[in-house]
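These are my notebook entries on a single chain. I set down what I looked up, entry by entry.

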Amino acid sequence: MLPQATTTCPSPTPIRHDRTPIHTIRRWPADVTLAAILAGDPAGRTRWSLLANPTAIERHPTLDAALARITEAQTRPGTDEPSGFGPGWIVSIPYAVGHAIEPSASVNARRGSCIQPEPIRLARVERGYIHDNRHTNGDNTRAGSWTAFGEPGPMPQAESDARCSLGACQGLDRRAAYEAGVERCVGLIRAGDAFQISLAHRLSAALNGSPRALFADLAERLRPWHGCYLEDGRWAMASASPELFLEADARGRVVTRPMKGTRSGDDPTLGLSPKDAAELAMIVDLMRNDLGRVCAFGSVRVRDARSIEPHGGEGPSTPSVWQGVATIDGRLREGVGLGELFAAAFPPGSVTGAPKIRAMQIIDELEPALGFEGPMRRRGAYCGCAGFVGDDGAVVLNVAIRSAIIEDGLCHYPVGAGIVADSNPAEEWHETLVKASAFLGLCRGEGACP
C-alpha cells in the first residue's frame, strides 16, 4: 500500500470517472507530465494506484544527494490524511547505483571504461488521482486542489495518445551470443566463482507515439502488481514489474518478495522444477542475509519459501506467466534509515545472482556484448528499482524488470534469466523470450499496437 501521509496535503475528494487507471493513463492530457504507480494484484495485496502530475522532477547524480532531498521533505511537520495517500516521491533508481555502493562490482570501471551515469530521478507528488485496487466500480479520489480533467464528469478522449506503434524488434539475432554467455556463466559457476548469475540481453524497437500509451499497452497485458511510470523530457520508464524489492513502513517492518523461475501461462510445470526451486532458494538466502545486515537480531523470517503465482493475462485463471516467489520480512534496527537499507540490499539479489559482488562483476564483463553497449550506460534503469517513497518514511519499491526504457524515440526492453550450474543455454534463452512476450506482441512492424 502507499504510505499514509504525515505532511500537509489537502483532503482527498471523491470523484467518479468510472475509469480504470489504465483508461485514465490513455487519456491523460498530452501537455501534462505524468508519473504513476499502478497496482494490479487481483487479491488486493497491492492496493493503491496513483496517477499524478508531479510538481517537480529532479535528477540527482548520487544516491546520497537523492536521499538528502527525500529526507529534507520528510522533516516537514503535517497531519495524517485518509485514503492511503500522502505526499512523497515517485522514484527511479538505476542499477548502476549498486556500483557506487560497491565499486569493486564493476570490472569495466577498473579497466578505465568511461560510461555516462544514469541519474536518479525523483518526481515530487503532492496531488493526483488515487484508485483503490480493492474496488472494481471505477471510483477514484483526488488528492490536492489540482485536476487534470476539470470537475467530475466524463473524461475527454485523447486518441492521439491512446495508441502507439512499435517498429520491428531488434536484438533477437543475439541468441548465439546470449547462449555463449550462458555457457560462460555455467563454466564460472562450476569453477566455483559464483552460485548463480542473472544474465540479461536487450531488445529494442522504434517507438512512434506516446510512451504512456506504451505503458498502458504493457500494463493491460501484464497487469503489474508493482507498475511504475515516469517521464522526463525525451526519456521515460514504463515498468510493468510483478516483483516487490522493498516495502518498509514507519514502524520499521520491511518486506521483500524475490522472484525466480518463469513459465508461460499455458505451462503448469514450474512447481515441479527442482532447478527453479534451487535458483529461488539461493536468492532467498542472499536476501535474508542482506536484510540481516540492518534488521534486529532474530527478526528476519522467511515467511514463504516458495509459491507459484499467476501474473498477467486476464486474471489468475488465465495468466500470461507463472512466477516462483518467496516472501521474507524483518524489523529494521532502531535508527536505520533508507540509506542504510539501500546499502545493504541494493541492487536486488534476484537480478544479480550470488554472491552478489562476484555476480555483478561477471554481468559487467558479459553484458556489453548483449546489447548493453554505447550510450545506454549498461543496464540503466532496468534492474534498478522504482516506486514510491512517502514523506512519512514508508517505502514501496519494485524490481525494475518487465520495463521499457524509452529515450529519443527508441524503446529498449531488456530481459534476463538466472543461470545456475545445470542451466541449458537454449532453455534460458527461451525463458527470456517468455518474459519479453508482452513487448514482442507489440512489435508488429509499423502497425498500431492492438
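**Entry 1. Helices α6 and α11**

I began with the packing of helix α6 (residues 175-190) on helix α11 (residues 425-435) in this predicted model. Their axes come within 9 Å and cross at roughly 120°. That angle is over 115 degrees but not over 145, so I record α6 and α11 as oblique to each other. I noted the crossing of α6 past α11 as right-handed. On the α6 side I listed R175, Y178, E179, V182 and E183, and on the α11 side P425, A426, E428, W429 and T432. Sorted by class, this contact of α6 with α11 has five nonpolar, one polar and four charged residues.

**Entry 2. Helices α6 and α10**

I then asked how α6 lies relative to α10. The axes of α6 and α10 come within 11 Å and cross at roughly 150°. I therefore enter α6 as roughly antiparallel to α10. The crossing of α6 and α10 is again entered as right-handed. G181, R184, C185 and L188 are the α6 residues that meet α10, where R358, I362, E365 and L366 take part. By class I find four nonpolar, one polar and three charged residues in the contact of α6 with α10.

**Entry 3. The loop between α10 and β19**

I followed the chain from α10 (356-366) into the loop that leads to β19 (385-390), where R379 lies. Is R379 buried or exposed? Its relative accessible area is 6%; the cut-off for buried is under 20%, so R379 counts as buried. Leaving aside neighbours within four places in sequence, I listed Y95, S198, A200, V351, I363, E367 and F372 as the contacts of R379.

C383 lies in this loop between α10 and β19. I noted a positive phi of about 70° for C383, although it is not a glycine. C383 is buried as well, with a relative accessible area of 2%.

**Entry 4. R402**

I looked up R402, which is not a glycine and yet has a positive phi, of about 45°. R402 sits in the loop between β20 (395-399) and β21 (403-407). At 7% relative accessibility, I count R402 as buried.

**Entry 5. Helix α9 and F342**

I turned to helix α9 (residues 338-345), which contains F342. The relative accessible area of F342 is 0%, so I enter this residue as buried. Which residues does F342 touch, not counting those up to four places away in sequence? I found L63, I93, I101, C385 and L397. I also checked F342 against L246: the two are 96 residues apart along the chain, and their C-alpha atoms are separated by 9.4 Å.

**Entry 6. Cis peptide bonds**

I recorded a cis peptide bond between F346 and P347, with omega at about -5°. P347 lies in the loop between α9 and β18 (353-354). A cis peptide bond also joins A354 and P355, with omega at about -10°. I located P355 in the loop between β18 and α10.

**Entry 7. Strand β14 and its partners**

I examined strand β14 (residues 253-257) and found four of its five residues buried, so that the strand is mostly covered. Strand β13 (residues 244-248) pairs with β14 in the antiparallel sense, over three bridges. For L244 I noted R257 as the bridge partner in β14. The hairpin of β13 and β14 has four residues between the strands, and in it G252 takes a positive phi near 100°.

How many bridges link β14 and strand β17 (residues 321-331)? I counted four, and the pairing is antiparallel. Within β17, D329 is the bridge partner of V255.

**Entry 8. The chain overall**

I closed with totals for the chain. It holds twelve helices and 22 strands. Of its 450 residues, 60% are buried. Among contacts with a separation of 6 or more, I noted that 77% are between residues 24 or more positions apart.

How values were computed
Residues numbered from 1 in each chain as written. Predicted model: local features only at pLDDT ≥ 70, side-chain atom pairs only at ≥ 80, totals over all residues. Heavy atoms only, no water. Buried < 20%, exposed > 50% of the residue type's maximum accessible area, 1.4 Å probe, protein only. Helix = DSSP H or I, 4+ residues; strand = E, 2+ residues; numbered from the N terminus. Pairing = 2+ DSSP bridges. Contact = heavy atoms within 4.5 Å. Axes fitted to C-alpha atoms, helices over the stretch in contact; angles between N-to-C directions. Parallel < 35°, antiparallel > 145°, perpendicular 65-115°, else oblique. Left-handed = near helix turned anticlockwise from the far one by under 90°. Nonpolar A, V, L, I, M, F, W, Y, C, P; charged D, E, K, R; others polar.
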